[in-house]
Amino acid sequence: MIDPGLYMALAAVLFTIGALGLLVRRNALVMFMCIELMLNAVNLTLISAGRALNDINGQVAVFFILVVAAAEVVVGLAIIVSIFRLKSTASVDELSELRG
Amino acid sequence: MTPMVEALIFILMAIAAIAGAVTVVMARNPVYSAMGLLGTLFSVAVLYVLQLAHMVAAVQVIVYAGAVLTLFLFVIMLIGVDKSEDRDEKLPGQRLVIAVLAGAVVLIAGGLTFFADFDWVPAASAPINPDLTNGTVQAVAEPLFTDWVLAFEATALLLTIAAAGAIALAHYRRRSQE
């Protein structure tokens, strides 16, 4: 059986790549995918920790995170589409409507 | 399953997951980013199965690869894939510097986690018993509908609100034009 620490290391790498992508990319859609990447890394840690602690509730938590992520994607993509209809761009550099 | 087969599957899926994640970040075309995300999602689903989280793996493939990624592709097609991202460098050589720094950060994060001492606080004494976390539908549904039934109802409400919010956002411009 593979050590849970290995899964943790893989999840840390995936989370870091997602966080870096969120910082580096300017396309709102790709930034959104990077958020999904980070959510997946966290889910992997929850599953591994649940197995290491002999607790099925880790999988229940992942189930809830999946549902919340789905709701988040629905609203987020709707926002991106309505921003695109308003500004004809999906680049976050050109969105400064909330600037004081 | 023999330990060697398990280790082989883990290594293959870890490489596939990292390659997919790198594709998400590096690809110029958002469609390729979405395909990279698909690869990562499937690899992570296989890793779930490897840890006996069967039900969660099925939900991962159905919800993420089936619904969420299709939604992403729809929006990519709607917004237009031909619009290339603004890639001019405001500082000379910033891309090279960030690539080196990013590689270092990824290695440090993975290395720190790998060499960290995972003393699983209370359960460090108890050996891992895969039978206790065999994530069949029944095993996951039992705590879901007893201990966490309130949270379950709350997520149902959240999904309803999200659907209503998405429809409201989609109709916003049309109403303001009238």
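1. In this predicted model, the α3 helices of the two chains meet along their faces through A:Gln59, A:Val62, A:Phe63, A:Leu66, A:Ala70, A:Val73, A:Leu77, A:Ile80, A:Val81 and A:Phe84 in α3(A), and B:Val56, B:Val59, B:Gln60, B:Val63, B:Ala67, B:Val68, B:Leu71, B:Val75, B:Leu78 and B:Ile79 in α3(B). Residues are in contact if their C-beta atoms, placed from the backbone, lie within 7 Å. Helices are DSSP runs of H or I, at least four residues, numbered from the N terminus. This contact comprises 18 nonpolar, 2 polar and no charged residues; Ala, Val, Leu, Ile, Met, Phe, Trp, Tyr, Cys and Pro count as nonpolar, Asp, Glu, Lys and Arg as charged, and the others, Gly among them, as polar.

2. The axes of α3(A) and α3(B) (residues 54-79) lie 11 Å apart at an angle of about 5°. Axes are lines fitted to C-alpha atoms over the stretch in contact, and angles run from 0 to 180 degrees between N-to-C directions. The two helices are therefore roughly parallel, a term for angles under 35 degrees.

3. The α2 helices show a corresponding arrangement: α2(A) and α2(B) (residues 30-50) pack at about 5°, with axes 10 Å apart, which makes them roughly parallel. Their contact has 13 nonpolar, 3 polar and 1 charged residues. Among its members are A:Glu36 and A:Asn40 in α2(A), and B:Thr40 and B:Tyr48 in α2(B).

4. The end C-alpha atoms of α2(A) are 36 Å apart, in agreement with the 36 Å expected for its 25 residues; the expected span is 1.5 Å times one less than the number of residues. Because 20 of those 25 residues are buried, α2(A) is largely enclosed by the rest of the structure. Buried means that 20 or more other C-beta atoms lie within 10 Å of a residue's own. Just after α2(A), A:Asn54 adopts a positive phi of about 55°.

5. A:Leu14, A:Leu29 and A:Met33 touch the most other members of the largest nonpolar core, which has 68 residues. Such a core is a set of buried Ala, Val, Leu, Ile, Met, Phe, Trp, Tyr and Cys residues joined through C-beta atoms within 7 Å. The largest share, 12 residues, comes from α2(A). Beyond its neighbours within four places in sequence, A:Met33 contacts B:Val24, B:Ser33, B:Ala34, B:Leu37 and B:Phe72.

6. Overall, the contact takes 63 residues from chain A and 69 residues from chain B. On the side of chain A, the largest share, 22 residues, comes from α3(A).

7. Residues are numbered from 1 along each chain as its sequence is written, and chains are lettered from A in the order in which they are written. Local features need pLDDT of at least 70, side-chain atom pairs count only at pLDDT 80 or more, and totals for chains, interfaces and linings use all residues.

Terms used:
Angles under 35 degrees count as roughly parallel, over 145 as roughly antiparallel, 65 to 115 as roughly perpendicular and the rest as oblique. A residue is buried if 20 or more other C-beta atoms lie within 10 Å of its own, exposed if 12 or fewer, and partly exposed in between; C-beta atoms are placed from the backbone.
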